[in-house]
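Here are some notes to read alongside the structure, set out as numbered points. Please keep the sequence and the 3D view open while working through them.

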Amino acid sequence: MNIDKLSHRLEAVAGYIPPNSILADIGSDHAYLPCYAMNKGIIQRAVAGEVSEGPLRSALKQVQSAGLKEYIDVRKGDGLEVIKPGEVECITIAGMGGTLISSILERGSSKLQGVKRLILQPNIGAANIRNWLVENSWELVTEEILEEDQKIYEILVAERGEPMKPYQVEKEAGFLMGPFLMKEKSDVFLKKWAMELEHMKRILLQLDQAGETESLKGKKEELQSHILVVEGVLQK
Ligand code: SAM
């Protein structure tokens, strides 16, 4: 089967792959993303990494039926262990939580040599990735937020550079909400943060009712600070 059409989410991810790249798609599942990128002539070749047996079989089947075995190498392994240092120029990790994506990057940091661009699409917890990028000298170069099937997704694109450059103006808000996304303030962004604000306020109320312990106090202060930051950005 040829993959000419993808979910809106994965198509947006593919849109950030530099032309002619050698790609690693980690947690590739059906390998839809590398197959699409090959069919569209975006990439030279790819490694599709999968840790689980079922998705690995789906990826192998997809690559075989698309006639792309010569160009897409499906490999079993945890995170970046499927690639050699210097083997790929661009890495996509999509459809997982931000904590898992950050831990894949952290555990595989020795494999990032030669990688010029990371395209990361967390389903939740994007702030976690923004922190990892800064701590590891990657500069966030652009972001996108989109809605598909009533779910809101963020895409973070990073290259080696000046990690603090995007956060020079409003640091806390930038890490939480995305320095590019908060400048653009799209309808999806406003919808996401209106919902998050409600959610944070609900939790704060529950914590207020739960009483006063040292660990709750820290959590409450963090929530109060996030609420102020988000309200500040939404009101501007
Ligand atoms: N990337 C595809 C997408 O965005 O549609 C698939 C997303 S799917 C929800 C997440 C995939 O990541 C699963 O197939 C899972 O087996 C795989 N995965 C989770 N942890 C992984 C890891 N540490 N290394 C490689 N693959 C992993």
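1. The first point concerns where the shell around the ligand comes from, and it should be read with the reminder that this is a predicted model. Three elements, α1 (8-14), β4 (90-96) and α4 (98-107), each supply at least two residues of that shell. Of these, β4 gives the largest share, with three residues.

2. It helps next to look at the residues of the shell themselves. There are 16 residues around the ligand, and those that come nearest are R9, G27, E50, D78 and G79. Sorted by character, the shell consists of seven nonpolar, five polar and four charged residues.

3. Some individual atom pairs can then be picked out in the view. In the side chain of D78, an N or O atom lies 2.7 Å from a nitrogen atom of the ligand, while in the side chain of S52 an N or O atom is 3.1 Å from an oxygen atom of the ligand. For V51 the atom concerned belongs to the backbone, where an N or O atom is 3.5 Å from a nitrogen atom of the ligand. Taken on its own, the ligand has 590 Å² of accessible area, and the protein covers 78% of this.

4. As for the site as a whole, the ligand takes up the space of the second largest pocket.

5. Stepping back to the whole protein chain, its secondary structure amounts to nine helices and seven strands. The radius of gyration is 19 Å, close to the 18 Å that the globule rule gives for 236 residues, and the chain is therefore as compact as a globular protein of that length. The C-alpha trace spans about 60 × 35 × 35 Å along its principal axes.

6. Finally, two backbone angles deserve a careful look. Most residues other than glycine have a negative phi. N20, however, has a positive phi, near 70°, and this residue lies in the loop between α1 and β1 (21-26). A31 likewise has a positive phi, in this case near 60°, and its place is in the loop between β1 and α2 (32-39).

Notes
Residues numbered from 1 in each chain as written. Predicted model: local features only at pLDDT ≥ 70, side-chain atom pairs only at ≥ 80, totals over all residues. Heavy atoms only, no water. Near = heavy atom within 4 Å. Polar contact = N/O pair within 3.5 Å; in protein donor to acceptor, adjacent residues only side chain to side chain. Areas by Shrake-Rupley, 256 points an atom, 1.4 Å probe, with all protein chains shown as cover. 1 Å grid on protein atoms, 1.4 Å probe; cavity = no way out; pocket = protein on both sides within 12 Å on 5 of 7 lines; lining within 4 Å. Sits in = over half its atoms within 2 Å of the grid points. Helix = DSSP H or I, 4+ residues; strand = E, 2+ residues; numbered from the N terminus. Nonpolar A, V, L, I, M, F, W, Y, C, P; charged D, E, K, R; others polar. Rg over C-alpha atoms; globule rule 2.2 N^0.38 Å.
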